[in-house]
Every structure is written in structure tokens, then in C-alpha cells.
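Open the model in your viewer and keep the sequence panel beside it. The stops below say what to select and what is there.

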Amino acid sequence: SDALEAEKTNGVRRRLVTVTAGSQENIWGREGIYRDGVRVGHVTSAGIGFSVHSGPIGMGYVATGDSGPMKELLDSGKHRWELAVQTGERVPCSVHLKPLYDPKSLRMRT
């Protein structure tokens with residue numbers, strides 16, 4: 001399709017990510033995801049990760065823009081990621097490209 005060819009030529013404009021916050025604030029969905037104070041995405045679904053993370057977990061989309069490959073954005077440590085929670089405040093968060101679960105139970109065996 002034309003859309004697929006455009007993505008191959010121009011690159012992906014947004015990525016699905018998992019967001020974790022250390023705050024005990026609830027994440028419901030539609031919260032903004034900020035990189036260095038600029039809104040770059042939003043949470044589409046959320047919950048509590050009892051077995052993989054002690055706090056709230058969300059999934060959402062983040063715009064890649066002209067910032068380079070997403071993996072480099074996350075691994076560089078040069079960016080401040082925040083989540084705008086329901087109370088209106090922004091709390092620090094981590095953004096992950098891979099799932100939080102361990103499907104092969106490798107962490108349990110080490």
C-alpha cells in the first residue's frame with residue numbers, strides 16, 4: 001500500500017512504547033508523555049504491574065520525529081522523560097521499547 005511505502009521511505013513517525021512510573025499515582029490512559037518538557041505522545045492504556053513492576057504501567061505512542069532512532073533516544077540517557085498524571089503534575093518515568101515480561105523465564109533462571 002501507499003502508506004507502507006511511505007513508511008519505508010520516510011521512516012516510522014511514532015512508536016508503541018511501555019511507560020513505567022515510580023510514582024504511586026494512577027495511570028488511566030490519555031496522559032501525556034513528555035521528553036525534555038515537550039509533549040511527544042500519550043498513554044493509550046494502563047494498569048498496575050504487580051508481577052513485573054511495583055508501580056503503574058502504561059502503553060502508548062511516542063513521536064519519533066527527526067530525533068534519530070528511538071533506541072538511541074532511550075539508551076543515551078540524555079533525555080528527561082515525564083508523564084503528566086491526572087492531578088496535573090508531571091512525574092518522572094521510564095520509556096521501554098521491549099515488553100516488561102520475560103516470556104522465556106530467563107531472569108528466573110539466573
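Select Arg-35 in strand 2 and Trp-81 in strand 5: these residues are bridge partners. Strands here are DSSP runs of E with at least two residues, helices are DSSP runs of H or I with at least four residues, and both are numbered from the N terminus. This is a predicted model, in which local features need pLDDT of at least 70 and side-chain atom pairs count only at pLDDT 80 or more, while totals for chains, interfaces and linings use all residues. Residues are numbered from 1 along each chain as its sequence is written, and side-chain values use heavy atoms, with hydrogens and water left out.

**Strand 2 and its partners**

Show strand 2 and strand 5 together; they pair in the antiparallel sense over 3 bridges. Two strands pair if DSSP finds at least two bridges between them. Now add strand 3, which runs antiparallel to strand 2 and is joined to it by 4 bridges. In strand 3, Val-38 stands opposite Arg-35.

Next, colour strand 2 by side. Gly-32 and Tyr-34 on one side are buried, as are Ile-33 and Arg-35 on the other, so both faces of the strand are covered. Buried means under 20% relative accessible area, exposed means over 50%, and partly exposed lies in between (1.4 Å probe, protein chains only).

**Two positive phi angles outside glycine**

Go to Asp-36, in the loop between strand 2 and strand 3. The hairpin of these strands has 2 residues between them, and Asp-36 takes a positive phi near 55° there. Asp-36 is not a glycine. With a relative accessible area of 37%, Asp-36 is partly exposed.

Then select Arg-30, in the loop between strand 1 and strand 2 (32-35). Arg-30 is not a glycine either, yet has a positive phi of about 75°. Its relative accessible area is 63%, so Arg-30 is exposed.

**Charged side chains**

Which residues are joined into one network by salt bridges that share partners? Select Glu-82 and show its side chain. Arg-80 forms a salt bridge with Glu-82, the closest N and O atoms being 3.7 Å apart. Arg-90 does so too, with the closest N and O atoms 3.9 Å apart. Arg-80, Glu-82 and Arg-90 thus make up one network. A salt bridge is a side-chain nitrogen of Lys or Arg within 4 Å of a carboxyl oxygen of Asp or Glu, and by this rule the count comes to 2.

Colour these residues by accessibility. Glu-82 is buried, at 13% relative accessible area. Arg-80 is partly exposed at 47%, and Arg-90 is partly exposed at 38%.

Keep Arg-90 selected and add Tyr-34. The charged end of Arg-90 sits over the ring of Tyr-34, 3.7 Å from its centre. For this term, NZ of Lys or CZ of Arg must be within 6 Å of the ring centre and within 35 degrees of the ring normal. Another case is Arg-14, which lies over the face of Tyr-61 at 4.2 Å from the ring centre.

**Strand 1 and the core**

Move to strand 1 (residues 14-21) and select Thr-18. Is Thr-18 buried or exposed? At 9% relative accessibility, Thr-18 counts as buried. Leaving aside neighbours within four places in sequence, its contacts (heavy atoms within 4.5 Å) include Ile-57, Gly-58, Ser-94 and His-96.

Val-17 is also found in strand 1. Val-17 is buried, with a relative accessible area of 1%. Draw a C-alpha to C-alpha distance from Val-17 to Gly-58: these residues are 41 apart in sequence and 8.4 Å apart in space.

Now select Val-19, Ala-21, Ile-33, Val-62, Trp-81, Leu-83 and Cys-93, which touch the most other members of the largest nonpolar core, a set of 14 residues. Strand 1, strand 3 (38-48), strand 5 (81-84) and strand 6 (90-96) each supply at least two residues of this core. A nonpolar core is a set of buried Ala, Val, Leu, Ile, Met, Phe, Trp, Tyr and Cys residues joined through side-chain atoms within 4.5 Å.

**Last stop: helix 1**

Select helix 1 (residues 2-10). Of its 9 residues, the number buried is 0, so the helix lies largely in the open. Just after helix 1, Gly-11 takes a positive phi of about 90°.
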